[in-house]
Every structure is written in C-alpha cells, then in structure tokens.
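Q: I am new to this structure and would like a close look at a single part, namely the aromatic rings and what lies around them. Please go through it step by step, in one connected answer.

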Amino acid sequence: MSHSDTFLSGLMVTRRDLLGAFAVAAMASAIPFGAHAQAAAPASGTAQAIADHFSGVTTMQGEFVQFGPRGEQTGGKFYIQRPGKLRFNYDDPSPMRVIADGKNVAIGNTKLKTWDLYPLSKTPLSLLLAQHIDLSAGMVKGVKEESDLTTIALGNNTVFGNSTITMMFDPKTYDLRQWTITDNQGKDTSVMIFNVKTGMQFDDRVFRVPYEAIPGTPQSRD
C-alpha cells in the first residue's frame, strides 16, 4: 500500500497509539466506535442538532495534528469548504498535500512531484464534507452522548473497503474537535484540529487539483 493509500484508507493510527497520544479521558471514551460497530438507532435530537450545526458551517480553517502508526505525529494547516472541498498543507519536512475539489481527492508528494487521484464519493472524506449529515440514514454506525463529548460514527463502502469516520464534537458549543478514520482492517488515524475559524471566503485556487500534473487525466494530455 502506498503512502497515498494509507492516508485515505486508514490515516494509520492504532487505538493504543491514539490513547497514548491523547491523555484526555473525553477523547479516549470515543474510541470504541470502530469499523465493526453495529448500526445505531436514530440519533437523539441533540446529536442531530450537532450534525445540523456542523453541516451549516460552510467554510472553516485552522491547524491540525495527525497521529501516525508508530506514535509519530505530523501537523499543518487545513481548509474546508462545504460541500466536498478540503485542503491539507503539511508542515515541513513533510512533502504531502491533500486536496479535494468536490469531485476528486488528490494526494501529492511535492518532493517527488507525484499525485494520486481518487473519486471523492468513494472515500470516507465524503462523509465529513457532505452538504448535510442526516443521522437517520443507514450510514450511521453509532452515536454516543456524554456530558463532555458527543461522538458520531458514520460508515460507507469506499474504494478502500467498509470505512468508518468517527467525528467528535463539543456538546455545548457543537464544535468539531477531532475525527478518526477506521479502515476495514481496523486501523485508525486521527486528526485533531485547533485554532479553528469559520465563515471566511477562499480563493478558488485553494482547492484546485493540479490535473495537468496527474498522468491519465485529460488535462495532463493538453
């Protein structure tokens, strides 16, 4: 499996690594929603209200920390525009870039000047970037409500198998704190976000996928 496949199919962090990285009980309590979680009953009004609030945030940007398979961590800046658009700029020395333009997800290595392309609809990121998160739909795998954390696990069949994305929200402010992607092998990767701002406008170039640099696309043959 390539580095690009790893980003989307697992983003590769184990439950043990995640618990070690976050010495916070609220974060730890959200972990049991994995790839084999059972379908949940329709969510409560509170959980749906949180999902509606998150769906209503059309733009956001901030910083992130991503935890890797051997306890390593990387960070950088992220940008989201709903529906379907996302950009991850990793801090040096990482050469990775991730861009979703509403149709595809491109994962690039700026050092090697290589890109891999996947349909957004076939990746678990499509659930995070959806126009609306409906918790009555069949994609809901679990909802867990506690006094200091609301955890919502969603799943769909992707090019990487039966993936799950677990989103963790502050139940008071409804702010997104973190998401974890679990692949069909039970491998997790977590992204924790902070210094988040919402409501800004982005230049279209922020989410531009460089199709001309990706072999096999029509633009690359122009």
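A: Two rings of Phe, Tyr or Trp, with the six-membered ring taken for Trp, count as a pair if their centres lie within 6.5 Å. With that cut-off, and bearing in mind that the model is a predicted one, the structure holds seven aromatic pairs.

One of these pairs joins F64 and F88, whose ring centres are 4.5 Å apart and whose planes stand at 50 degrees, so the pair is described as tilted. F64 belongs to strand β1, which covers residues 59-67, while F88 belongs to strand β3, which covers residues 85-90, and the pair therefore ties together parts that are 24 residues apart in sequence. Both F64 and F88 are buried. These two rings are also members of a group, since F64, F88, Y90 and W179 form one aromatic cluster.

Another pair has a different geometry to describe: the rings of Y79 and F202 have centres 5.9 Å apart and planes at 90 degrees, so this pair is edge-to-face. Y79 is in strand β2 (residues 73-81), whereas F202 is in the segment after β11 (188-198), so here the parts tied together are 123 residues apart in sequence. Because a residue counts as buried under 20% relative accessible area, Y79 is buried at 19%, and F202 is likewise buried at 14%.

A further ring, that of F54, has a charged partner: the charged end of R82 sits over the ring of F54, 4.5 Å from its centre. F54 is also one of the residues that line the second largest pocket, and that pocket holds about 160 Å³ of space. Besides F54, the lining consists of H53, V57, M60, Y174, D175, L176, I193, V196 and T198. The elements that give two or more residues to this lining are α4 (45-56) and β11, and β11 gives the most, with three residues. Sorted by class, the lining has seven nonpolar, two polar and one charged residues.

Charged side chains also meet one another in this model, which holds three salt bridges. In one of them, the side chains of R177 and D170 come together with N and O at 3.5 Å; R177 counts as partly exposed at 23% relative accessibility, while D170, at 17%, counts as buried. In another, D203 is joined to R205, the closest N and O atoms being 3.1 Å apart, and here D203 is partly exposed with a relative accessible area of 40%, whereas R205 is exposed at 63%. There is also a salt bridge between the side chains of R208 and E212, at 2.9 Å from N to O; R208 is partly exposed at 43%, and E212 is partly exposed at 41%.

Returning to the rings, the picture is of a tilted pair, F64 with F88, that is part of a cluster with Y90 and W179, of an edge-to-face pair formed by Y79 and F202, and of the ring of F54, over which the charged end of R82 sits.

How values were computed
Residues numbered from 1 in each chain as written. Predicted model: local features only at pLDDT ≥ 70, side-chain atom pairs only at ≥ 80, totals over all residues. Heavy atoms only, no water. Phe/Tyr/Trp six-rings, centres within 6.5 Å; stacked < 30°, edge-to-face > 60°. Helix = DSSP H or I, 4+ residues; strand = E, 2+ residues; numbered from the N terminus. Buried < 20%, exposed > 50% of the residue type's maximum accessible area, 1.4 Å probe, protein only. Lys NZ or Arg CZ within 6 Å of the ring centre and 35° of its normal. Salt bridge = Lys/Arg side-chain N within 4 Å of Asp/Glu carboxyl O. 1 Å grid on protein atoms, 1.4 Å probe; cavity = no way out; pocket = protein on both sides within 12 Å on 5 of 7 lines; lining within 4 Å. Points joined across faces, edges and corners; volume = space filled by probe spheres on them. Nonpolar A, V, L, I, M, F, W, Y, C, P; charged D, E, K, R; others polar.
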